[in-house]
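Got a two-chain model open and want a quick tour of it? Have a look first, then we'll talk.

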Amino acid sequence: MSTTSTIVMPGERISAIEELAKSKRVILGPGLRRQDDTVVASKAGPLRHKEPSTFWVDNYQRRYIPARGDLVLGIVRSKAGDNYRVDIGAADTASISYLAFEAATKKNRPDLNPGDLIYARVLNASADIEPELVCVNSVGKRGKLGVLAEGFFFKCTLNLGRMLLRENCPVLAALTRELPYEIAVGVNGRIWLKAHSLRETIALANAIVALEQSGCAEIDKICDNLGDFLQA
Amino acid sequence: MNLPGKMDVGKDKLRQMNCEFNPLSRCDGSVMYSQGATVVIAAVLGPIEVKTQNLSIDGSYLECNYRPKAGLPQVKERIREAAIRDVLELALLAEAHPRSKMSVQVQELEDRGSIDACAVNSACLAMLVGGLPLKYSFAAVHCIINEQGEYVLDPDQSETLHQRASFTFAFDSVEGNLLLVQTKGAFKIAQFNDIECLCRAASAEIFQFYRNQVAKYHGRSEAIAEKEEDASMET
Amino acid sequence: MFMNSNLFEPGKSKPERNFVQLAVKQNQRFDGRRSNECRDVELTFGADWGTVAVSLGETKVLTHVTCDLGAPTTSRPNEGKLQLNVNLGGVAFLDEVQSTHDQRSLTLNSLLERTFRSSRCVDLESLCVAAEQHVWCIRVDINVLNHDGNLYDASTIATLAALMHFRRPDVTFADDELRIYTEKEREFIPLLFLHYPVSVTYCIFKSSGQPIVDPLLLEENAADSVIVLSFNSYQELCTLNAGGTAPTNVRTIMQCARNAATRAKSLVDFIRKALSLDEERRLQGGRLVQGLVALIGENQQKLSFRKLMGHQKQEPQDLQSEKMDVDTKAIAKPRVEEMAVEEESSKQETDAPLDSSSWLPQDEDSQKLPTPSEASASKAGKGKQNRSKSKANKKQQAKKQNNSDSEEEAKPVI
Amino acid sequence: MPAKSKPRLSRGVLDMKFMQRTKVKVEKEADDEQSRALYSNEINQKMLNSTSNFIVESSYSICAGLIDGRLSFRGMNPELELLMEQELAEKQGRTKPEQPKEVSDQDMAKAYYANKAPTVAGSMGKKFSTKKDFKRKNSGNESGSPHPKKKQQFKKPRSDDD
């Protein structure tokens with residue numbers, strides 16, 4: 001995944017993509033806009049390029065724009081009729097039907113009450129309609145989705161969430177060396193952590209948040225001295 | 001009592017600009033921006049839920065407030081707010097998020113001259129860092145003609161006391177056409193054109209400032225991207 | 001419209017609440033502070049008189065004081081006017097339609113009114129230019145920039161610092177002809193103060209008796225009850241505002257009061273020191289006066305509590321915490337669970353030896369009636385409304401606190 | 001659209017039994033026509049069939065190929081770790097590394113067809129050969145004998161020698 005990290009500003013035409021588009025299909029990710037065969041950036045940030053022909057702008061963002069297939073962490077806000085309102089940090093609250101849980105039938109409904117944390121997948125979302133979530137995969141099994149019990153939950157920026165979710169991300173590897181833990185990272189910039197003891201959970205959360213504050217340039221330095229974070 | 005402002009900068013130069021991204025934690029994007037001694041803080045939240053009366057199906061509703069330091073906004077502040085909203089509405093890509101609201105708040109911290117231009121620039125920076133979809137970025141420049149008839153770019157408060165005319169221009173970053181013109185005082189058309197070119201040149205400098213700041217702010221995560229590459233190469 | 005999801009409020013989800021309760025029980029806080037340790041306070045003075053930006057950790061407040069001449073109220077012809085105005089709706093987005101909003105701004109408004117106006121901390125008689133005709137009307141605007149917990153302390157510190165930093169123009173009134181002097185002609189005059197009130201906020205959790213000071217937004221939202229005490233620098237209580245669902249016995253409140261008294265005293269000293277530093281800079285000529293530009297980026301001459309007050313911050317209140325530290329450090333490196341248990345027991349020890357003698361603030365017994373000279377000020381300031389500790393829920397508490405003028409004199413139960 | 005409107009079949013003809021399917025077809029076409037006219041201001045002809053090779057993908061996780069967000073390390077949540085292993089194995093399965101091969105594919109093919117494995121080589125061919133070719137091919141098998149064998153005919157026993 002070669003990253004051409006040139007900074008693009010909104011309104012700028014990106015000619016590289018236009019040439020490429022003449023020959024073969026190009027995938028425009030978020031942050032790029034097509035104006036009948038010219039490609040214009042609509043957000044400011046580094047332009048990322050993934051091998052075949054996928055381009056997107058990796059800009060700093062805290063507000064989540066729901067998109068189909070994303071795995072998100074939501075807080076159940078309220079129960080409206082036969083579906084729940086879930087806050088996933090987007091423009092409006094998402095809805096999830098009570099049937100979208102494993103082994104949920106008309107009679108035995110999932111015990112979900114406001115304030116619970118769920119890890120769900122965005123079923124469909126577009127600018128006009130309210131996003132819809134689902135907590136069960138196509139086979140009907142819960143897989144990795146579902147309600148998250150205790151542990152600690154905090155919000156971070158979308159960039160940090162995405163950075164943690166890249167294949168073989170060094171941070172997670174480094175954290176694993178330090179202590180056993182369980183983590184659920186939502187693409188909507190929310191992280192849920194669970195370690196054996198409370199002190200470890202706090203130290204883990206601080207380590208991740210420190211990564212965001214101090215900027216990710218010195219990522220190895222942070223990974224090395226995670227040790228002292230955990231002792232602090 | 002002179003502040004870091006016009007004294008140490010030539011007549012046709014912009015005052016020293018600096019900005020800090022995301023000092024506030026509650027909103028989606030915030031920036032503290034200063035031009036010379038004038039300091040403004042702008043924050044952006046959106047797209048968020050919109051009240052039903054100003055809901056529109058084909059675009060997002062833009063709410064823009066300008067808050068002075070002291071007391072309730074008077075007429076002067078309302079005019080400034082209206083100017084900022086017009087420029088933002090032109091630049092914002094509203095149809096990207098229909099049925100939603102984009103809220104931009106500008107809070108004046110210290111007014112040491114040309115606060116209008118400062119507010120517009122801080123709003124633009126806040127939208128850039130807040131991740132709002134924009135057609136183009138924009139920059140505003142303020143310029144006056146003092147008694148001697150000279151053009152003073154981005155004047156300090158002390159110079160604006162006795163000025164013959166004052167101009168505020170806003171340019172967009174793609175074609176560079178004019179988004180906002182606010183003039184006060186008597187001037188000739190020739191002077192108007194000269195000042196317009198002077199401001200256009202200055203706006204290029206501001207766009208460069210935006211790019212550098214965004215690069216610096218993202219510089220942190222760029223290194224991580226490279227790191228990712230090496231890390232994934234090695235493993 | 002459903003409970004809106006515009007703003008992410010930490011502490012609103014169940015796992016977070018349970019986590020914070022558990023953390024407080026084990027005397028652990030998210031940012032590593034101890035239960036009686038406060039965040040660093042940073043003051044930045046604006047270019048003109050009476051503007052100060054305070055940042056208490058992430059919570060940022062900007063206060064601006066302005067004055068103009070106006071007619072006095074008929075009821076008090078020879079007194080100036082002091083008007084406090086809190087606006088939350090600006091950059092902090094606190095006016096988003098939320099159930100907690102009105103409750104937050106109500107309590108903040110009422111607290112500031114009681115701390116600064118009904119406790120008569122500014123000597124209003126000195127603001128009178130001509131009885132019944134012209135008096136100075138001081139207007140204080142408190143703009144909340146960012147709310148990361150403990151908005152009360154941040155705004156009271158900001159307001160006090162701004163009022164102390166404010167200078168009003170000199171004015172003469174000769175045979176009903178008013179003459180206001182500009183800065184060049186006559187030096188501006190600061191306000192006169194009778195006492196300097198500052199508030200300290202504690203959060204109490206059902207899971208552990210130990211109250212925590214200066215809560216983060218996460219802790220404030222997950223807390224069961226919030227106690228706001230404001231003391232002046234003579235360690236007299238100006239306001240006490242306790243509400244919430246956690247039953248708090250008198251001993252805890254007294255413990256909070258004692259810590260708050262010393263904290264308030266050190267805060268006022270810090271503000272005075274910061275003011276004198278700012279004074280020097282202004283005298284040395286404008287070059288050093290950066291105004292609020294100093295907020296941006298790192299600047300060395302930051303007026304921060306830790307830096308100015310240096311290490312003698314360890315007042316007596318820390319004696320107790322040192323003792324606790326010694327215990328925890330003494331334990332080498334046991335497995336973490338055992339450590340938590342150890343802390344449990346060590347905290348018990350520190351509570352036990354709390355005999356009655358060490359309850360009261362060291363230098364002045366606040367129970368005894370204060371000396372007559374300050375009788376007028378402190379009696380008025382003694383508007384101590386000792387809220388009943390009953391299980392009144394938060395909403396009802398907010399309504400009861402608003403009748404701030406009821407001088408309900410309740411002797412603390414010892 | 002052609003200048004004069006397309007010749008339309010009359011209603012009577014369409015109602016006939018055998019015209020059932022064409023009737024449905026014609027009606028559908030009429031509807032399409034109508035809807036196209038309705039939306040013509042928005043979706044014009046060029047947009048409809050312009051095969052632009054841009055695909056807009058609005059999700060980061062698909063663009064950047066992010067992994068699933070739910071992870072557990074060092075036995076914190078065994079059930080989840082099981083799932084993770086299955087997923088890993090399956091991912092490994094999909095991209096099976098090439099096993100080293102002693103014989104490369106080409107030699108395999110050559111050897112396979114070189115010695116004309118009798119049973120398989122011509123099996124399909126046999127199906128389509130006529131009896132004649134079959135006999136010739138069989139006799140051809142013994143073509144190894146000196147002279148090509150004439151077609152056997154009934155030979156009268158020579159009269160002189162018995």
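What follows is a short round of questions and answers.

This is a predicted model, where local features need pLDDT of at least 70 and side-chain atom pairs count only at pLDDT 80 or more, while totals for chains, interfaces and linings use all residues. Residues are numbered from 1 along each chain as its sequence is written, and chains are lettered from A and ligands numbered from 1 in the order in which they are written.

Reader: Which buried residues sit in helix H3 of chain A, and what arc do they fall within?

Author: H3 covers residues 170-178 (helices are DSSP runs of H or I, at least four residues, and strands are E, at least two, numbered from the N terminus). Its buried residues (20 or more other C-beta atoms within 10 Å of their own) are A:Pro170, A:Val171 and A:Leu175. They line one face of the helix, because the directions from the axis to their C-beta atoms stay within an arc of 135°.

Reader: Which strand gives the largest share of the side of domain 2 of chain A that touches domain 3 of chain A?

Author: An automatic or database assignment puts domain 2 at 71-148 and domain 3 at 152-231 of chain A. Their contact (C-beta atoms, placed from the backbone, within 7 Å) takes nine residues from domain 2 and eight from domain 3. On the domain 2 side, S7 (71-80) and S10 (117-124) each supply at least two residues. The largest share, three residues, comes from S7(A).

Reader: Where does UniProt place "domain: K Homology" in chain A?

Author: The span is 34% helix and 34% strand, with end C-alpha atoms 10 Å apart. The UniProt record, an unreviewed entry, gives residues 151-197.

Technical notes: UniProt positions renumbered as here; feature names shortened; annotations may be inferred. Buried ≥ 20, exposed ≤ 12 C-beta atoms within 10 Å, placed from the backbone. Contact = placed C-beta atoms within 7 Å.
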